[in-house]
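User: Please take a close look at the aromatic ring pairs in this model, and then set them beside the other local features that can be described with care. I would like one connected account.

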Amino acid sequence: MAVTVFHLHGKSPDSEGVSVEVAYTQSLDELRKIIASKLSIVLPNTISFHRSASPETATSDLQVLDSVELIIKERSVAILISGKKVRPVPGPTGGIPFIGGYSEIYPDFLGNYQRLLSKYGHMVHVSYLGKSVYLTDDPDCAGVVLSEGEFYSKEIGDNHPLFPLKSSLPNGLFTSDSSNPSWSTSHKFMMTAMGAKAMRNYVRTMDHTANRLIKCFDEILNKGDSVNAFFWGLRAAGQTIGEVGVGMDLKMLDSADSQIANIFQLIGRNLGLAQTLFRKGSFYRALPNPERREQKMMETQVISFVDTQSERILKESQRDMPIDEAAVSTSSLLDFMLHATDEQGRKMDVGLVHENIVTFLGAGQVTTSCALSWLWFCLATFPTQARKLYASLIAAGLRKDKEITAEELGKLEYLDWFIKEMQRLYNPAFQPTRQAHKDLIMPGGYLVPKGSQVTVALHSVMINPEHWKDPLTFDPERWGTEEVRKRHKYAYIPFAAGGRGCIGFNFALQEIKIVLARVVLNFQIENTTEGAVIYDPDFSLYRPLNFTMRLHKQVEVEEIITETKSSAKAGENDEKKTSAPQPAVGARALPHFWAVHASNNGTCEGMAGDLAAKARHLGFTDVHVVRLADSPLADSSQTAAIADENSNFFVICVSTYNGEPPDSALEFSDMLDGEIKKGNSKRFDGINYCVFGAGNTQWGTTFQAFPKKVDANLAALGGNRIFEKGTGDSNADQDADFTEWSTRLCAATAANFGVDVTGGAGKAGANALTTAPAHSTDDVKIQFSARASVSEDEAKSFLHQPPVKGFLKATLTENVELVDHDSPIPRGMRLITFGVPDASFTYREGDHLEVFPENDPAVVERLLVALNFVADAVFEVKEVGTDANPTSLAAFLLDRGQKITLRDLLLYYADLAGPIQRSSLLLLASFLPADEKFKKLREMLEAAGAPSAAPDPAIAKTTRSFADLITSQPLLAQALNLQKLLIILRATQPRRYSVASSPLVDPHAVKLCVGVEDIRVADHQGLCSGFLARGKVGSVVWVRARSSQESFHLPKEDDVPVVMVAAGTGISAFLGFLEHRNAQGFKVQEHGGKSPFRLYYGTSYHDMPSLRKLIRAYADDGTVLVEAAYSEEDAPRRFAQHILLRDALQIWSDISNGGHVYVCGSATRVGDGVRQSLMNIAEQVGGEADPVAWLAGLKKEGRYSEDVFG
Ligand SMILES: Cc1cc2nc3c(=O)[nH]c(=O)nc-3n(C[C@H](O)[C@H](O)[C@H](O)COP(=O)(O)OP(=O)(O)OC[C@H]3O[C@@H](n4cnc5c(N)ncnc54)[C@H](O)[C@@H]3O)c2cc1C
Ligand code: HEM
Ligand SMILES: Cc1cc2nc3c(=O)[nH]c(=O)nc-3n(C[C@H](O)[C@H](O)[C@H](O)COP(=O)(O)O)c2cc1C
């Protein structure tokens, strides 16, 4: 006897080994059992012993210890399982955050189970939507998983596929946990009732039902109709379980026009909802959701059905009897449940009877109807085997007009084989799942953590090539071979196995044998499906979604026998070589897809364009990108036309401006208010929608104001919100927010409509959730002109026209730096003056000026070289495909329809400096050639383009702007041509500035006060502010005057008190106000004027002498009263809102006297802070009980106006 330490190879014998006393007398198998129990190795015979070696030693190099004598000599012994090192279960990692491996499984779960198992081995781990799933196709593993006991049992946690059904039926068979004592009670009673002996009592009933089906089929045959096989499976199976289950004729087989009984419609719908709920994950189920509501409604109806049947049966007989007697002498399963008593005289309680009978009705109908559909499919697909089947029935003495007996059924060998082969390839059940009780080491060396749910992928087990020869060949005769008879015990498990295996398998087999025999005795089946047969991804069982069949009279017996003989002679019996078709996942008809936007600066428009491309990528064909104001949602006369819940899908991207909708959505917003007032709960009835809000948290209380309103109001007005609202924050990484949300939306959409996103049988090609919509360069058609044929004027014609309608040429006349040279302020501030000679140019004080920026010429020259572009080449865009984003440069140029040189394009119109969207990075990746040398670059772009909130900082830095990216990645420049560039790049957007002047001084001169980041401090200078800072006197710039909100102008008269609050560049608008008042000659009271005119200004430092001088001059001549807060110098730190509070009494008196408050500056600095100060003043000085309402009132009266920017 010696003590030896046993450890898993790769683990430390000292800290992770187990000590075992080994005796010479022990056998290796005894030793294996001891070690297995100590290390939770589920199958001892998978253990092999080896001499301990360093963890890195390859398993093939380990020396085997194959006798106790050898083992006993070692101090420590390494263990391998099935010859492998013990390791976590492999599987796809990463994936989209939160969604994870969703697209690895859905919607083609069967294909994907198979694909993953072939790729990763016999166990696979996938995480998605908060679920963690383990799969296996190994019979050894399946045997362990399905054997209820020490290692696993059926515990239906929220990762379990049956979880959504469990809430309806927590105690009955099928959906109860094994640890629930009700399961044992139900199992004890029902095992006997479902046994082979009890089932023989129902042969006659089943045969009678089958004959009724044949009558319906005769009717159909006479009409020459094609019918959906599954619905006839439902009728046949429903009728049978109706008779056997509750002793009731549910009248589903009276004629070819009979309907499916309501009870089965309810059960079928409930199963569909359960599958949908499972797929949507626990986060969705935790929310109140329409599917669960519908389930609850249906539960009530089902219970009332069972109550009525129970009352009827109890009226007929009250006599209780022991289980064994009840199993053979009661007339239905419900009758049995109501009267059977156990050895102690106990009965099933009423609640349990309810749950079990519903389970039996459901399990009895849907499973067998799928099985019947697939049997009919096999008859149509394998006519040679179908004929053999017919011949075998005739040979066994079965006839059309003769009752089938239980004895005959037991002898129909070929029928049995035919059914087995159908179940091997097309079994209705596909994912029995069990929970691990502890950390386990599975055959193959897989480590399964405690609490994991492990799914036995039944189809994959039953076509596992290690256990089945020609696994995909439909060959009933294989069942007669020795090889198959000696198969692994768990290689064929259509009814699962173990304590929680199918209790209804005798019932099921008896029923489908009878129906199949009856059908084959009477008919041949033709497959009339248009296109391929596909399966339903939304159903908890494997069922053909679209298989239609036509019936033909069976060819008489004599002819068949002759035909079989002659074909055997001619050696034509080669049907075994035909592979059984594998139905792909079923797709639904896709609705019209509307990508709707309301946008001031193009962000939401760009998002809508991205969504449209993604939708097309998923297979949607009718896709529109429209402004909210032009969409059918805005026009009540169109709602009826689009209000069919299956035919429309609106994804709405909208932003907010100071709490208000973007300009183009003002009317829509009013319309919503009106409808809400009317309480019109039908306005958006039948409309499927979801909303993404672009916003900025700097705006505090009005963050996401308009998107929230649209989302809530559409729901209140009857719309059907089919996906949660998305929230973007441009103060952080809005692109990440949008990419992550839109990817989840696409995943959910794909799942809802059965679109295969994984590159399987669907339209989408490679994973549609993570790859970019494939734009072909044909999407953009361009035409180059020979330079010699284009005059200088023509080449520059683009530049003679405004970049966007309404822009006018301005000449820069003055550009002054307001910040001292040696100031520590990290920003410059420029006072820039333009002359705008055009006669049409007008503006008011407080208005905005839009400026069209230009790229830095040095950057443009570098890019031209990197891209190998001929700078002066002239081209025009002739055509742009629908997939191109509406904000792309391609779309912009097409709209302009003029010639341009490449240099001018990059200089004036291409957004080279702004951050690149993730969708553009993915597009760039998709444009790279397949060549190996681009692999690393592609991976980098894909990683940076993934919908992650936190991209790798190193990558993020080089991919911040297009210019950065091209400069840092010469390989990328090589792969780009002009067409690709035009698709990737977005057109430059103009920037807005508050005017710092008054037209009263000079209507054709306009000033701006522009903040400029110091490039030495911020690693990115702003495009427009940088451009303006560089601006030389005399340079020409495109500008356009834009009116601000109506209330952001000065009162006409000087008898209204005015309070202005500004921070940073917010001073701009008030420089204009000061100039205006000064030009009007209005003075403050102290200088003989009629009312106060106050400026509260907060800035970091007061080293802006020229600005101070300017403002001081206005104060000195009585135009304004100035109070300044220097936040970085004052102690304690003070901002404008703090000095506002100091002057609370004065401010309140001004407002009470009809005063007007104006606020301007960045949202973080003056937004919420100023509002809060004013409300404090109103509450504490003015005694206002509801300061929020007070401020809202002031705003409504036009006496509180903000011009706040980011
Ligand atoms: C109604 C209104 C009034 C306004 N009034 C004024 C005003 O009076 N004065 C004023 O100065 N501004 C004003 N603004 C702000 C102004 O419109 C611009 O937003 C501001 O000048 C910055 O624009 P830009 O083109 O210089 O910077 P952008 O290029 O738009 O960049 C914005 C910021 O992002 C950073 N950045 C740029 N590119 C990248 C990149 N690739 N990666 C990472 N970071 C990057 C820059 O460093 C900068 O901080 C106003 C805005 C509005 C809406
Ligand atoms: C071809 C038809 C059928 C197939 C392939 C099938 C398959 C299965 C499988 C795989 C399970 C295990 C489920 C799991 O572990 O999650 C199961 C359980 C069950 N089946 Fe079937 N079944 C069929 C028909 C039927 C019929 C006709 C009935 C009833 C009349 C029935 C009643 C049940 C019940 C009650 C359970 C749960 C047993 C328990 O919880 O212990 N099944 N079936
Ligand atoms: C002047 C101005 C006011 C804004 N007001 C708000 C606001 O009140 N709430 C909000 O969430 N975002 C606000 N934002 C942020 C914008 O909604 C955000 O930048 C959005 O991405 C713009 O989208 P668009 O380009 O499609 O209009 C404001 C932005 C600006 C420039």
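**Aromatic pairs and their surroundings**

Analyst: Phe593 has a relative accessibility of 4% in this predicted model, and because buried means under 20%, Phe593 counts as buried. Its ring partner is Phe649, and the two form an edge-to-face aromatic pair, with 5.4 Å from centre to centre and 75 degrees between the planes. Phe649 is buried as well, its relative accessible area being 2%. Since Phe593 belongs to strand E20 (residues 592-598) and Phe649 to strand E22 (residues 648-654), the pair ties together parts that lie 56 residues apart in sequence.

The edge-to-face arrangement is also found for Tyr908 and Tyr909, because their ring centres are 6.2 Å apart and their planes stand at 65 degrees. Of these two tyrosines, Tyr909 counts as buried, at 2% relative accessibility. The structure holds 36 aromatic pairs, and ring pairs also link residues into a cluster made up of Trp374, Phe377, Tyr426, Tyr535, Tyr542 and Phe547.

Aromatic residues appear again in the lining of a cavity. The count comes to 5 cavities of 30 Å³ or more, and the second largest cavity encloses about 70 Å³ of space. Its lining consists of 14 residues, and those nearest its centre are Tyr113, Val133, Pro161, Phe278 and Thr455. Strand E7 (131-136) and strand E15 (453-456) are the elements that give two or more residues to the lining of this second largest cavity, and E7 gives the most, with 3 residues. In character, the lining of the second largest cavity divides into 8 nonpolar residues, 6 polar residues and no charged ones.

A charged residue can be followed in a different setting. Arg478 lies in the loop between helix H21 (458-462) and H22, and with 7% relative accessibility Arg478 counts as buried. Once its neighbours within four places in sequence are left aside, Arg478 is in contact with Glu421, Arg424, Trp468, Lys469, Asp470, Pro471, Thr473 and Val484.

Helix H22 (482-485) also borders the loop that holds Cys502, which runs between H22 and helix H23 (505-522). The SG atom of Cys502 is the single donor from the protein to the iron atom of ligand 2, at 2.3 Å. As water is not among the atoms, a metal site may look incomplete, and the single protein donor, Cys502, is best read with that caution.

Key: Residues are numbered from 1 along each chain as its sequence is written. Chains are lettered from A and ligands numbered from 1 in the order in which they are written. This is a predicted model: local features need pLDDT of at least 70, side-chain atom pairs count only at pLDDT 80 or more; totals for chains, interfaces and linings use all residues. Side-chain values use heavy atoms; hydrogens and water are left out. Donors are N, O and S atoms within 2.8 Å of the metal (3.2 Å for Na, K and Ca); water is not among the atoms, so sites may look incomplete. Helices (H or I, at least four residues) and strands (E, at least two) are DSSP runs, numbered from the N terminus. On a 1 Å grid over the protein atoms alone, a cavity is a set of points where a 1.4 Å probe fits but cannot get out, and a pocket is an open set with protein on both sides within 12 Å along at least five of seven lines; lining residues have an atom within 4 Å of a point. Grid points are joined across faces, edges and corners, and a volume is the space filled by probe spheres set on the points. Ala, Val, Leu, Ile, Met, Phe, Trp, Tyr, Cys and Pro count as nonpolar, Asp, Glu, Lys and Arg as charged, and the others, Gly among them, as polar. Buried means under 20% relative accessible area, exposed over 50%, partly exposed in between (1.4 Å probe, protein chains only). Contact means heavy atoms within 4.5 Å. Rings of Phe, Tyr and Trp (its six-membered ring) pair if their centres lie within 6.5 Å; planes under 30 degrees apart count as stacked, over 60 as edge-to-face and the rest as tilted.
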